[in-house]
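Visitor: I would like to learn how to read a structure with two chains. Could you guide me through one, beginning with how the copies are arranged?

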2 protein chains.
Amino acid sequence: MRWYIIMKITKKLGVRQMSLIVQKFGGTSVKDAQRIFNVAKIITDTYAQGNSVVAVVSAQGDTTDDLIAKANEINKSGSSREMDVLLSSGEQISMSLLAMAVESMGFPVISLTGWQAGFLTQSTHQNARIKKINTERLQNELDKRNIVIVAGFQGINRYDDITTLGRGGSDTSAVAIAAAMKADLCQIYTDVDGVYTADPRIVPTARKLDEITYDEMLELASLGANVLHNRSVEMAKKYNVKMEVLSSLTKAPGTEIKEVAKVEKMLIKGVARDNDVTRLSIIGVPDYPGIAFKVFSTLASEKINVDIILQSIGRNGRKDISFTVCRAHKGQAMRILEDIKESVGAEEITCDDNVSKVSVVGAGMQSNPGVAATMFQALGDANINISMISTSEIKISVLIHLDDSERAMRVIHDAFELH
Amino acid sequence: MRWYIIMKITKKLGVRQMSLIVQKFGGTSVKDAQRIFNVAKIITDTYAQGNSVVAVVSAQGDTTDDLIAKANEINKSGSSREMDVLLSSGEQISMSLLAMAVESMGFPVISLTGWQAGFLTQSTHQNARIKKINTERLQNELDKRNIVIVAGFQGINRYDDITTLGRGGSDTSAVAIAAAMKADLCQIYTDVDGVYTADPRIVPTARKLDEITYDEMLELASLGANVLHNRSVEMAKKYNVKMEVLSSLTKAPGTEIKEVAKVEKMLIKGVARDNDVTRLSIIGVPDYPGIAFKVFSTLASEKINVDIILQSIGRNGRKDISFTVCRAHKGQAMRILEDIKESVGAEEITCDDNVSKVSVVGAGMQSNPGVAATMFQALGDANINISMISTSEIKISVLIHLDDSERAMRVIHDAFELH
């Protein structure tokens, strides 16, 4: 696949020319010495084919969890600044070990921490955003024909304090380098070999996609497809970084993510489900204007993200308002609802964890009203009840009972003939 | 003891005034959560007494060994640059954990890596010398009344690459900070509670010294007393940093190391032994001038440090030359001697590992000829044979059989009434 990409780039330019390829390897890809050598092989093969290579690594397998356990033994609420100092040591370990593996294979290599690689971030610890990458050192090392290994997930803020990027941080580090250095390709190596039309563990007939657009990938990611974190895809879209998701263990081609994917016959790109969802309901509020505003503005002021909203048609002057939030926000949202229960005149507050959000994603869906019909028909035929519906330009999501979610994915996958 | 020091400083200045105290804690002092809290208690007690505190920490207990094992699994001869990246993560872990412990006790604290604390070193990896400390950040944090925790053993060179300081590096880091910031005291917390007249495990009647001069400490350190590394004492002497060696586990006063120690009745400060020594002999070389020069200049050109030298009186036109080297240099020294054996006309090259160097140390020894006599008498009475002797202004060393070394320490200790 790597050859395939190089050939394509070469063909386009008319001459064989050196490409800059950024490769990202997650924690499981470097979890032990054997896996580290496997990664070193991928990197050095790419380099040996005449490319410049920047490899971004996460901390080894369980290192982050081990470090968090050490911290919890001492202080369960250690400051986020010191947690960042602690956690950032994880990539420092994996990057130097990977560099030593590459050295042992006889290639020139250098490892760089976040600050050495020029990652400047906002000041927020534990969830910092990248502001800028000073690429001078990176470029110097590439000019020397070094393979450059960079610690993912970390940077420094304007106080020279170490920051970490939060969930999916290493993917974001890789895309940020690719954007800053105008790389030809940003490869994200993971434990799956690409983006599928559905989770293959649930839908055995799921098919790997060769290509997908940024927007479709964003919908799939946020819908729980669990391959890439949204922040990295958003950044790739913004800076037009061509990404590829592929496995570090197989040699199979992966899935390319780029602005305009090849027009495929298939309209629907995939089916995803998200079980990290809770439905909350405010039962029997008076059917006056402004009630919904009061509920959702209070939730918003507490930074609780509300997903699907359903407001029942008023009956006897009263109505119900239901909405979903992610499970981490359930407790806080419940407390807020209990607080305002009286002032909005609600009869009861309820919540339901036994729900799952199942979605179909595909560009141009809006202009194809048949999609919703096909989806609802499939669910109806399978006797699966839809409790809430939400749509966007490129997706349709339904909230169903948790027990039905896997079956729902399969019948939808079949109905759209994604296999 | 800490109170005692503060009181003394206060008395000298006439008013109670804030002191800057640098405290260094080794790997065993922070090996687990319990020990980390013990260290946090020492630091915060010192701070609560109104002092500014900079704490320098090593990596936790076995961390360094674990990291080296990880590296060896991948590349037994990984570059020293990448080893420094790897090993320096150890202090990053211990310093953040210690900071979290201090946080949990309600004190303001910040941890700084080597580069954050401004440690600029020479470029040599694994054994870099400190060139300079940019104290701006350290001073800013102290001005904010933060307790500052600094990673020992590490810095960066002029390429912004991470370096480590080699053996005894954290002691040197602490003294360097104390020198750069003109600290009132540099406390080295270890697992012994001070400097003794002899190793208490060997000489049960050994007595802890209240004070010792830099020169005496240097001789004791290089003679195997194993309390402080020479580099840190040399630096303390050069910048006149008052040091104190004390235990992190007891509240007992330690030993102060400073330019002019209180005149004590006792002339001899201590007895030390060094078993890391091998005797090499060139037997039967012609008794011509220039032979010794040829031998020792060749060894010097290979950077082999020769300690005690004994040249026998010529007999039948031939003589023997014996000298000691540390055991790590034995193989190389033997090869050099075998190489030049023929050209110097030697009959035989021999070596003996069953030797030990036992020394007495004390300032002003030169003007007291009785010291050597007392020492040799004690050894003679104990039937211990002396094979080589070496003297300096403040020490007398003898080479004896390894089996006699502990007994020799005890009889010398008794003879000088050091108990």
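Guide: Of the residues of chain B, B:Ser89 comes closest to the rotation axis, at 2.4 Å (C-alpha). This is a predicted model, in which local features need pLDDT of at least 70 and side-chain atom pairs count only at pLDDT 80 or more, while totals for chains, interfaces and linings use all residues. Residues are numbered from 1 along each chain as its sequence is written, and chains are lettered from A in the order in which they are written.

Visitor: By what turn and shift can chain B be laid on chain A?

Guide: In general, two copies of a chain are related by a rotation about an axis and a shift along it. Here a turn of 179° and a shift of 0.0 Å along the axis lay chain B on chain A with an RMSD of 0.4 Å, superposed by least squares on the C-alpha atoms of residues with pLDDT of at least 70 in both. The two copies are thus related as by a two-fold rotation axis.

Visitor: Which residues are buried in α11(A)?

Guide: An α-helix has 3.6 residues a turn, so residues three or four places apart point the same way. In α11(A), the buried residues (under 20% relative accessible area, 1.4 Å probe, protein chains only) are A:Val371, A:Met375, A:Ala378 and A:Leu379. Seen down the helix axis, they fall within an arc of 95°, so they line one face of α11(A). On the other side, A:Gln377 and A:Asp381 are exposed, that is, over 50%.

Methods
Side-chain values use heavy atoms; hydrogens and water are left out. Helices (H or I, at least four residues) and strands (E, at least two) are DSSP runs, numbered from the N terminus. The arc is that of the directions from the helix axis to the C-beta atoms.
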